[in-house]
Amino acid sequence: MQFSYRALVFVLSMALTPSLLAETAKQQDLALSDTSPVAPTGARLYQGPGGASDHFESINRGLWWFNYDIMDRKAVRPVVHWYADTVPEPLRDGVANFANNFEEPNNFVNNLLIWDLRGSFGSVFRFMVNTTVGLGGFIDVASRLGVERNTMEMTTVLGKWSVDQGPYIMYPVYGPSTVRSTVGDVVDGLYFPFSEMTFVMKAARWGLDGLSVRSSIIAQEPMLDNSLDPYANIRDFYLQYEEAKVQDQTGPQSLAPAEPADSGLDDYLDEIDQ
C-alpha cells in the first residue's frame with residue numbers, strides 16, 4: 001500500500017499543532033510589543049493575488065517557524081551549502097535535469113489541457129530524447145536541440161480555468177502551498193511515471209529536486225534572514241509567482257522585503273518581471 005505525502009504531512013501537522021500554536025502565540029505577543037518591527041497578525045484577513053487568502057495564518061506562522069527556524073537553519077541549510085560548495089556545477093545541473101525529467105509526462109498532459117499543442121508534444125520529445133540519449137534525463141539533450149522545457153503544472157491549468165488559489169497553507173517540511181496547489185499536486189502525482197513509483201522513490205525524487213531548488217536560492221538567504229517578517233515575505237513571493245504562471249508571466253526573482261501585515265497588497269504586485 002502506498003501512502004500519499006500529503007496525507008503524511010497532514011498527520012504531522014496535526015501532531016505538531018499544539019506546540020506550533022503555543023509558539024505562534026509567543027510570536028504574536030512579540031508583534032504586539034513596542035520593540036517588535038512586525039505588525040500584529042490577524043488585524044484583517046489577508047487577501048492575495050488570484051483569490052488567495054490566509055485564513056489559517058496563526059497555524060501557518062507556527063509551521064513557518066518550524067520550517068524556517070528549526071528545519072532550514074539547523075538541518076537543511078548546512079547540507080545545501082555543502083552541496084553547493086562541494087559538488088561541481090555540471091553535476092548539480094545533471095541532478096536538476098534528472099529530477100525535472102520525471103515531470104515531462106505531466107507537462108504533456110497539462111499543456112494539452114490548455115490546447116498548447118506545441119508545448120505538449122515538445123514535452124513528449126524531451127522525455128523520449130532525454131530519457132534515452134540523455135541517460136535518464138541527466139543530460140538535457142533536448143534543450144541542446146532547441147526544444148526547451150515548457151513546464152505546466154495542474155495548479156496552473158486550474159488557474160487558467162478560473163479556479164482561485166484559495167487559502168494559503170504552510171506544510172511542515174514541504175513548505176508553502178494553497179488549496180489549489182495541493183489539489184494540483186495530487187492530480188500531477190497520478191500521472192506516469194509517478195503513478196508507478198513507490199513512496200520511497202517519490203520521496204527520493206522530491207529530495208533531489210528540493211536540494212537543487214534550495215541550492216539555487218542561497219544568494220537570497222541574507223535578504224530573507226534580515227526581513228522584518230520572513231513569513232509574509234515568502235507568502236507574498238509564492239502567491240505572486242503562482243499567479244504570474246497563470247498569466248503567462250514570470251514571478252519576482254528576488255525575495256524583496258515584505259511590508260507590515262496591515263498594509264495594502266498593491267506594493268507587492270508592482271513588479272512581475274523576468
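**Close-up views of a predicted model**

**View 1. Leu135 sits in the loop between H5 and H6.** This is a predicted model, in which local features need pLDDT of at least 70, side-chain atom pairs count only at pLDDT 80 or more, and totals for chains, interfaces and linings use all residues. Residues are numbered from 1 along each chain as its sequence is written, and side-chain values use heavy atoms, with hydrogens and water left out. Helices (H or I, at least four residues) and strands (E, at least two) are DSSP runs, numbered from the N terminus. Look at the backbone of Leu135. Its phi is positive, about 60°, although Leu135 is not a glycine. Is Leu135 buried or exposed? Leu135 is exposed, at 61% relative accessible area. Here buried means under 20%, exposed over 50%, and partly exposed in between (1.4 Å probe, protein chains only). Now find Gly94. Along the chain, Gly94 and Leu135 are 41 residues apart, and their C-alpha atoms are separated by 9.9 Å.

**View 2. Leu135 also helps to form a nonpolar surface patch.** Its partners in the patch are Leu91, Phe98, Phe138 and Leu208. The patch covers about 420 Å². Residues in patches have over 30% relative accessible area and no salt bridge; nonpolar side chains (Val, Leu, Ile, Met, Phe, Trp, Tyr) are joined within 5 Å, like charges within 9 Å. Areas come from the Shrake-Rupley method with a 1.4 Å probe; for residues, only the protein chains shown count as cover. Leu91 belongs to helix H3, residues 89-101. Leu91 counts as partly exposed because its relative accessibility is 41%.

**View 3. Arg149 and Glu104 meet in a salt bridge.** The N to O distance is 3.6 Å. A salt bridge is a side-chain nitrogen of Lys or Arg within 4 Å of a carboxyl oxygen of Asp or Glu. The whole structure holds 18 salt bridges. What does the pair of Arg149 and Glu104 tie together? Arg149 lies in the loop between helix H6 (141-144) and helix H7 (154-160), and Glu104 lies in helix H4 (residues 104-113), so the pair ties together parts that are 45 residues apart in sequence. Arg149 is partly exposed, with a relative accessible area of 28%. Glu104 is buried, at 1%.

**View 4. Asp140 forms a salt bridge with Arg126.** Their closest N and O atoms are 3.3 Å apart. This pair links distant parts of the chain, 14 residues apart: Asp140 is in the loop between helix H5 (117-132) and H6, and Arg126 is in helix H5. Asp140 counts as buried, at 13% relative accessibility. Arg126 is buried too, with a relative accessible area of 1%.

**View 5. Asp248 forms a salt bridge with Lys160.** The closest N and O atoms are 2.8 Å apart. The pair joins distant parts of the chain: Asp248 is in the segment after helix H11 (230-246), Lys160 is in helix H7, and 88 residues separate them in sequence. Asp248 is exposed, at 62% relative accessible area. Lys160 is partly exposed, at 26%. Elsewhere, salt bridges that share partners join Asp69, Asp72, Arg73, Arg77, Arg214, Glu221 and Asp225 into one network.

**View 6. Helix H4 packs with helix H5.** The angle between them is about 165°, and their axes are 7 Å apart. H4 is therefore roughly antiparallel to H5. Axes are lines fitted to C-alpha atoms, for helices over the stretch in contact, and angles run from 0 to 180 degrees between N-to-C directions. Angles over 145 degrees count as roughly antiparallel, under 35 as roughly parallel, 65 to 115 as roughly perpendicular, and the rest as oblique.

**View 7. A cis peptide bond joins Phe192 and Pro193.** Omega is about 5°. Where is Pro193 found? Pro193 is in the loop between helix H8 (179-188) and helix H9 (199-215).

**View 8. Pro176 lies in strand S4, residues 175-178.** Pro176 is partly exposed, with a relative accessible area of 25%. Arg235 is 59 residues from Pro176 in sequence, and the two are 7.2 Å apart in space, C-alpha to C-alpha.

**View 9. Ser162 has a positive phi of about 70°.** Ser162 is not a glycine. Ser162 is placed in the loop between H7 and strand S3 (166-171). Ser162 counts as exposed, at 64% relative accessibility.
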